[in-house]
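Grab a pencil and open the structure viewer. Here are a few exercises on reading sheets and helices, each with a worked solution.

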Amino acid sequence: MSRTALRICPLCEATCGLTLTVEGSSVTGARGDREDVFSKGFICPKGASFGAVDGDPDRLRTPLVRRDGELREAGWEEAFDAVAAGIRRVVEQYGPHSVGVVLGNPNVHTVAGALYPPVLLARLGTRSIFTASTVDQMPKHVSSGLLYGDALAIPVPDLDRTDHLLMIGANPLESNGSLCTAPDFPGKLKALKARGGTLTVIDPRRTRTARLADRHIEIRPGTDALLLAAMTYTLFEEGLVDLGELASHVEGVDEVRDAVREFTPEAVALACDVEAPVIRTLARELAAAPTASVYARIGSCTVPFGTLGSWLVDVLNILTGNLDRPGGALFPLAATDRAPRPAGPGRGFQLGRWHSRVSRHPEAKGELPLSALAEEIDTATDEGEPIRALIAVAANPVLSAPDGNRLDKALGSLDFMVSVDPYLNETSRHADVVLPPPPPAQSPHHDFALNALAVRNQVRYSPPAVPLEPGRMAESEILARLVLAATGMHGADPSTVDDLVIGQTLGKAVAEAHSPVHGRDPRELAAQLTGETGPERRLDLMLRLGPYGDGFGADPDGLTLARLLEHPHGIDLGPLRPRLPQGLKTRSGRIELLPRPIADDLPRLAAALRERPDGLLLVGRRHLRSNNSWMHNVPALTGGTNRCTLHIHPEDAERLGVRDGAQVRVKGAGGEVTAPAEVTEGVRRGVVSLPHGWGHDRPGTRLGHAATDPGVNVNQLLDGSLLDPLSGNAVLNGVPVEVTALVTTP
């Protein structure tokens, strides 16, 4: 007998509501939840394939423990005994920094992935922390930290109300949006145009998003920051700067005027391959629009000037008065955010509080570059011990980091490794212990990080759609036990971790003068928490103390978990609203428009004015039916356009003797790969494109379907030496490559 269950989709950043069809313990269908307060029935191919993802037969069902060199099935107790012995031995002999932690992108898509890794990092005390952020969005975190004092204060475009959207290096018709949580992003762009608004897309590829635009500008890859600097220059030169209501909250405007003097449209035109009059028109249109927003994503972050480009995006929004106003770019306020403190000076944001051991890369937001992981394992120095043990949670850096071959070898040299992963993949195959979480239907869901980036304030929670299968362990318990095993508390009850966090959080809350629970008894407050599990109690805590919360009785109409459970389709909290100066955490209490690290990096951008790269430049691309390396093992999500081919322009193909469908060799600084060519006008001349997340041909994995069409690992073309210096973000786009036809045209 079938039944239905509601579930928020965890397969990309859009967080759409689903209605699942469940038969027994299996999900047999998925459709959009028309009553969902946020997505209103929208669904994409990934969400429609939820059942296939959930029921993938290659998902691990029990832990694996390495015995006599081979990974074998084991019980949970044996697995955690092995983790405790392996990690603690390394910590006690070499210190906590000799244990590395790698956190992958899927952590932001699960309740447990959001709640427990921060506890692990705090209690382990290691500085050897690596995440997917440094192959993705770290430049945006750094620029936000420098501008606003908070690396998590990322403004998002007000898609539902803007009149003018300038989009750079983003393809939301394929990605469904990134650092901008918006179900039905395609529909929102079409609605923008239908109400008379303008969409401009800047991208070296003629993506699906670019085809929808009123204007598409085929910029040379990696030169976004130059173009944005020239637009900033134009605003000053033509008297178009108007901060509006922001004026009293911004310092450094005159300094920015001086800093961009040499970035005239004429000076940057050749480097960007965009004509100067076009650049001036972009600036004029942005300033003239009733409301406007500049939005840039991964194509502008994963380049040599990622942080400068991210900074200039916000500079343009600020100088045109479009930051923090309806129709512009606003700061979301999620239900689980901390209640805003009174406006005023904060602690500010610091870079480089410590450095990586080998190449001396500065930390950013407490993290080291993922590109440096291999050398931190395989290279000895006088600066301390190399990484000898690794904890990987939902991470596959062999595919996602540059030079996977080197990292592959380095992982094999570790003293100990534990991986929390549902698959035996290219990274987890090196682990001594693999701890598999259950399928998503058997887990609860709430989007902690992604709601803080949503284009509308709302709150939703999905209890597990299917009971936990016998023999499985909840992801929250897996990660709580991992915290205990890795930090010298092995054997304690997993609830200890939740109780510890609840006690610490309430202890701080009652001590804060602006808190609704100031001066109250933390134990009395903890006793009021509801929820059947530790994660639910912690969610209840965060909701109650959050900006819409009941404050443990201070506001009887405020949010609690109990109230949220009464609204299975979610609670709408309204459109984004202006929030400044509240939320600013800079030392001045104002937006600091030209922070010192930015000013010090601008000469490097000026030097790029004289660069004219010859040869082909490589860029990545998104697929609608994929999310990094997650889903290539699901037949319904591969094939069609979701293929690992090299896009090349017809003129470049003719010059190189490349035939459509024929094999070509692509060579970069880190190695070479062979892939079929796809001749298309979807890329500009001088640019080639390979998708990321492929390369499923390494031995020892259990990815049956992915191995039948493995594709190639685009990151193997990179040697890991190219980084954005401020953020440590890997340069994945705009890198020089050589392409050789293996079978030439007649």
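**Exercise 1. In what order do the strands of the open sheet lie, and which strands stand at the edges?**

Solution. Keep in mind that you're looking at a predicted model.

- Step 1: Trace the open sheet across. Its seven strands come in the order β5-β4-β17-β16-β15-β6-β7, and the pairing is mixed.
- Step 2: Check the ends. β5 (70–73) and β7 (129–131) each have a single partner strand, so one side of each has no neighbour in the sheet.
- Step 3: Look at the twist. On average, neighbouring strands in this sheet are turned by 20 degrees against each other, direction ignored.

**Exercise 2. Find how β4 is joined to β5, then find the helices that pack on the sheet.**

Solution.

- Step 1: Strand β4 (residues 64–67) and β5 run antiparallel, joined by four bridges.
- Step 2: Pick out a pair: V65 has R72 in β5 as its bridge partner.
- Step 3: Now add helix α3 (residues 76–94), which packs on the sheet and touches β4, β6 (99–103), β15 (389–393), β16 (416–420) and β17 (433–435). The direction of α3 makes about 125 degrees with that of β17.
- Step 4: Helix α5 (residues 117–124) packs on the sheet too, touching β6, β7 and β15. Its direction makes about 165 degrees with that of β6.

**Exercise 3. Which strands close into a barrel, and how is β21 joined to β26?**

Solution.

- Step 1: Go round the barrel: six strands close it in the order β21-β25-β22-β24-β23-β26, with mixed pairing.
- Step 2: Neighbouring strands here are turned by 45 degrees against each other on average, direction ignored.
- Step 3: Zoom in on strand β21 (residues 616–619) and strand β26 (residues 735–741): they run antiparallel, and three bridges join them. Opposite L618 you'll find V735 in β26.

**Exercise 4. Work out how α12 packs against α13.**

Solution.

- Step 1: Helix α12 (residues 265–272) and helix α13 (residues 276–288) pack at about 115 degrees, and their axes are 8 Å apart. Angles of 65 to 115 degrees count as roughly perpendicular, so α12 is roughly perpendicular to α13.
- Step 2: The crossing of these two helices, α12 and α13, is right-handed.
- Step 3: List who touches whom: P265, E266, V268 and A269 in α12 meet A276, I279 and R280 in α13. Sorted by type, the contact of α12 with α13 has five nonpolar, no polar and two charged residues.
- Step 4: See what is tucked away. P265, V268, A269, A271 and C272 in α12 are buried, and the buried residues of α12 pack against α10 (224–237) and α13.
- Step 5: Just past the end of α12, D273 has a positive phi of about 60 degrees.

Note on methods. Residues are numbered from 1 along each chain as its sequence is written. This is a predicted model: local features need pLDDT of at least 70, side-chain atom pairs count only at pLDDT 80 or more; totals for chains, interfaces and linings use all residues. Side-chain values use heavy atoms; hydrogens and water are left out. Axes are lines fitted to C-alpha atoms, for helices over the stretch in contact, and angles run from 0 to 180 degrees between N-to-C directions. Angles under 35 degrees count as roughly parallel, over 145 as roughly antiparallel, 65 to 115 as roughly perpendicular and the rest as oblique. A crossing is left-handed if the near helix is turned anticlockwise from the far one by less than a right angle, and right-handed if clockwise. Contact means heavy atoms within 4.5 Å. Ala, Val, Leu, Ile, Met, Phe, Trp, Tyr, Cys and Pro count as nonpolar, Asp, Glu, Lys and Arg as charged, and the others, Gly among them, as polar. Buried means under 20% relative accessible area, exposed over 50%, partly exposed in between (1.4 Å probe, protein chains only). Two strands pair if DSSP finds at least two bridges between them.
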